[in-house]
2 protein chains.
Amino acid sequence: MVLDILKKNQLSVTEGRKKILELFINSNGALAHADIEKSTGEIFDRVTVYRTLQTFVEKGIIHLIPTTDNSILYALCSDNCEAGHHHDNHVHFVCTVCNKTICLDEVTVPQVQLPKGFKPNHMQMLVSGICGDCK
Amino acid sequence: MVLDILKKNQLSVTEGRKKILELFINSNGALAHADIEKSTGEIFDRVTVYRTLQTFVEKGIIHLIPTTDNSILYALCSDNCEAGHHHDNHVHFVCTVCNKTICLDEVTVPQVQLPKGFKPNHMQMLVSGICGDCK
DNA sequence: AGTATATTTGCAATGATGTTGCAAGTTTTA
DNA sequence: TAAAACTTGCAACATCATTGCAAATATACT
């Protein structure tokens, strides 16, 4: 599973990448850099985590998620993402109870009527509230 | 104008607050901390700018805007914001040409159909593209 | 208006977050 | 299995943001 993903993206298979990718797969929500550092303990250097995340984003394995508090979150991309070309036009949900951020892959961002002269190109939507697990 | 806003919000009238509030009123887009520091030159300490912005957010004079690159932007609230209770359910637009971020106060965030069990509370939408001035 | 009280500011120190260059270590290729 | 390519850790550095405290400024009171 983890190996497949790394190989499919032509990445060297290293302990760090395997471990971090596993974290994403075993988590149903999004992860912050700090979460990853906490989970991997003292195994990897901060820099390695940064670089691994950056590599994964570039390859289209994970994507950045916007947050209300301007922290950076990452989550696994669904299959239709390619290197350098993300298709994360789905809604993101932040639960105010469990504090998790979830990709709602099934829910696409709705169209919106902009004022004259405005040409939309990309749009993202962030919803906060209570998630399915907490209610 | 500037005085009215400060007084209405029970804030001491100081040079810093007047100057920074003027900046927002004279700008049609959103401002980053860095923009403000640049515009106010060497007049105020960085810390003062931070604290002023924080105060304004708390009072409901300005609100935070989500960005794609996870920087922090602020913009004037429309009149229906109160202290500790923002109503910025409008769409934000980032122009990829002039790089400005604009509040589209007239455009409200559309409803969206969430999966079962999800209870939405607040939603925000960020659209990027080309703005009315650039096209 | 002048003084007391409350608030705000600037400075210095500190912390959190993220980046870069380079040598040492690991993985891949053939 | 050795050479080439890539990845990692370390140290240094840059940026951004926060806090405590004393000095300065604004407001309230008589």
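Which residue of strand β6(B) stands opposite B:V94? In this predicted model, the residue facing B:V94 is B:S128 in β6(B). The pairing behind this match joins two strands of chain B: strand β4, residues 90–95, and β6(B) run in the parallel sense and are linked by four bridges.

Strand β6 of chain B also takes part in pairing across the two chains. Here, β6 of chain A (residues 119–130) and β6 of chain B (residues 119–130) are joined by 11 bridges, and the two strands run antiparallel. Two residue pairs help to trace this connection on the structure. A:M123 has B:V127 of β6(B) opposite it, while A:G129 has B:P120 in β6(B) as its bridge partner.

It is helpful to look next at the wider meeting place of the chains. In total, 33 residues of chain A are in contact with 33 residues of chain B. On the side of chain B that touches chain A, the strands β4, β5 (101–108) and β6 of chain B each provide at least two residues. Of these contributions, the largest share belongs to β6(B), with 12 residues. Sorted by class, the side of chain B that touches chain A holds 18 nonpolar residues, 11 polar residues and four charged residues.

Taken together, β6(B) pairs with β4 within chain B, is bridged to β6 of chain A, and supplies the largest share of the side of chain B that touches chain A.

How values were computed:
Residues numbered from 1 in each chain as written. Chains lettered and ligands numbered in written order. Predicted model: local features only at pLDDT ≥ 70, side-chain atom pairs only at ≥ 80, totals over all residues. Pairing = 2+ DSSP bridges. Contact = placed C-beta atoms within 7 Å. Nonpolar A, V, L, I, M, F, W, Y, C, P; charged D, E, K, R; others polar.
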